[in-house]
Amino acid sequence: MNPTVREAEACAKLILLGEHFVLHGAPALAIALPSLRLRLRAEASSEPGLRWYPQLDALLQQTLQQALPYNTLTGGWRLQVAQSQIPQGMGLGSSAALCVALLRLLSANAPMPPALLAAQARELEHQFHAQSSGLDPMTVAFEAPVHGKTDEFQALPELWRPALLLFSAGGVRHSAHAVARSSAFRSAQPQRFEALLLSASKNCASALQALRARDAQCFGKLLDAQHALLQELGVSTPGLDRCCAAARSAGALGAKLSGAGCGGYGFAACEAKQRPQLEQALRAAGATALSWIDEGFT
């Protein structure tokens, strides 16, 4: 290993069910996307301390400063994002990946176990979001499906799922804005929000049971039901709704947005025979960046 160069990586994630509602006590279910990765690189420098190169924005400076207690590297180092396949502001966990990769890089001489890595990455991710449930860093740190409530998440590495088609409906959004929108709904309609929260909790529990039973049809219906809840919450967009409707019309088992919403990515679950018509329908609806998620599919 080159002693003057260090590198660390982390993957993307996709929330299947539970976004927004997990911040209010509901369970959530997410999967890792190992094929989409962010890689950080550190090069030894004659200047003492750690710094981003080139100079990055204040948010990343603050994140690096907060991560310094976990630094095991001695001397001076210049850090940079060497490569990222994870689009920013699209709901695929770019901030969680950066936090996990940064901690892996800094703690290289005393690697953290996944549970500790996830906990410390959650603290760093508060820099990016008004409130982090910990779901994203947990999923990224374990690179496995994760289910549960805040502070009770559990990695489920053997969990089955059907093939998923990931798509972008356009529009870069900010998680804090989307969270603020759902919080405003809760304040304005507390009773209705509690009803949505209960439905979201039941959907997530049922989805986990469906995947354990390999019941793709049931899982797909629950995706549709969860998207309807997020529509009412006000965090979907016409583009996401249009693409999800097109996917269903083309025979998808179910489709929904993923992440904070207000733009970004969605996904559809399907059977193998539906792939060609599903891709065609989504492109016709304006979707871009289509990619199949098959890691771990059996």
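1. Pro54 sits in the loop that leads from strand 3 to helix 1 (58–67), and in this predicted model the peptide bond joining Tyr53 to Pro54 is cis, with omega near -5°. The strand on the N-terminal side of that loop, strand 3 (residues 50–52), is joined to strand 4 by 3 bridges, and the two run parallel. Within this pairing, Trp52 has Leu79 of strand 4 as its bridge partner.

2. Strand 4 (residues 76–84) is also joined to strand 2 (residues 28–45), here by 8 bridges and in the antiparallel sense. Ser45 finds its bridge partner in Gly76 of strand 4. Strand 4 is therefore to be read with two kinds of neighbour in mind, since strands of a sheet pair through backbone hydrogen bonds, either parallel or antiparallel.3. A second set of pairings forms an open sheet of 4 strands in the order 8-9-7-10, with antiparallel pairing. Its edge strands, each pairing on one side only, are strand 8 (254–257) and strand 10 (288–293). Neighbouring strands of the sheet are turned against each other by 20° on average, when direction is ignored.

4. Within this sheet, strand 7 (residues 163–168) is joined to strand 9 by 6 bridges, the two running antiparallel, and it pairs with strand 10 over 4 bridges, again in the antiparallel sense. Leu164 can be followed to both sides, as it stands opposite Ala269 in strand 9 and has Ile293 as its bridge partner in strand 10.

5. Strand 7 is mostly covered, with 6 of its 6 residues buried. In a regular strand the side chains alternate between the two faces of the sheet. Here both faces are covered, with Ala163, Leu165 and Phe167 buried on one side and Leu164, Leu166 and Ser168 buried on the other.

6. Two helices may be considered together with this sheet. Helix 7 (residues 216–233) lies across strand 7, strand 8 and strand 9 (265–270), and runs at about 35° to strand 8. Helix 9 (residues 275–284) lies across strand 7, strand 9 and strand 10, and runs at about 155° to strand 10.

7. The backbone of strand 10 deserves a separate remark, because Ala289, which counts as partly exposed at 43% relative accessibility, is found in this strand. Although Ala289 is not a glycine, it has a positive phi of about 55°. A positive phi in a residue other than glycine is also found at Arg214, where the value is near 60°; Arg214 belongs to the loop between helix 6 and helix 7.

8. The largest nonpolar core has 71 residues, and those with the most contacts inside it are Leu14, Leu16, Leu79, Leu164 and Phe219. Helix 2 (residues 94–106) gives the largest share of this core, 10 residues. Apart from it lies another core, of 33 residues, which includes Phe167, Leu230, Cys243 and Ala281.

9. Leu16 shows which parts of the chain are brought together around one residue of the largest core. When its neighbours within four places in sequence are left aside, Leu16 is in contact with Leu29, Ala30, Ile31, Leu164, Leu211, Phe219, Leu223, Lys256 and Phe267.

10. Ala207 lies in helix 6, and its relative accessible area of 0% is why this residue is classed as buried. Its contacts, again leaving aside neighbours within four places in sequence, are with Leu17, Phe219 and Leu222. Ala207 and Leu223 are 16 residues apart in sequence, and their C-alpha atoms are 8.2 Å apart in space.

11. Helix 5 (residues 175–188) and helix 6 (residues 190–212) have axes that come within 5 Å and cross at roughly 120°, and the two helices are therefore oblique to each other. On the side of helix 5, the residues involved are Ser182, Phe185, Arg186, Ser187 and Ala188, and these meet Pro190, Arg192, Phe193 and Leu196 in helix 6. By class, this contact has 5 nonpolar, 2 polar and 2 charged residues.

How values were computed:
Residues are numbered from 1 along each chain as its sequence is written. This is a predicted model: local features need pLDDT of at least 70, side-chain atom pairs count only at pLDDT 80 or more; totals for chains, interfaces and linings use all residues. Side-chain values use heavy atoms; hydrogens and water are left out. A nonpolar core is a set of buried Ala, Val, Leu, Ile, Met, Phe, Trp, Tyr and Cys residues joined through side-chain atoms within 4.5 Å. Buried means under 20% relative accessible area, exposed over 50%, partly exposed in between (1.4 Å probe, protein chains only). Contact means heavy atoms within 4.5 Å. Axes are lines fitted to C-alpha atoms, for helices over the stretch in contact, and angles run from 0 to 180 degrees between N-to-C directions. Angles under 35 degrees count as roughly parallel, over 145 as roughly antiparallel, 65 to 115 as roughly perpendicular and the rest as oblique. Ala, Val, Leu, Ile, Met, Phe, Trp, Tyr, Cys and Pro count as nonpolar, Asp, Glu, Lys and Arg as charged, and the others, Gly among them, as polar. Two strands pair if DSSP finds at least two bridges between them.
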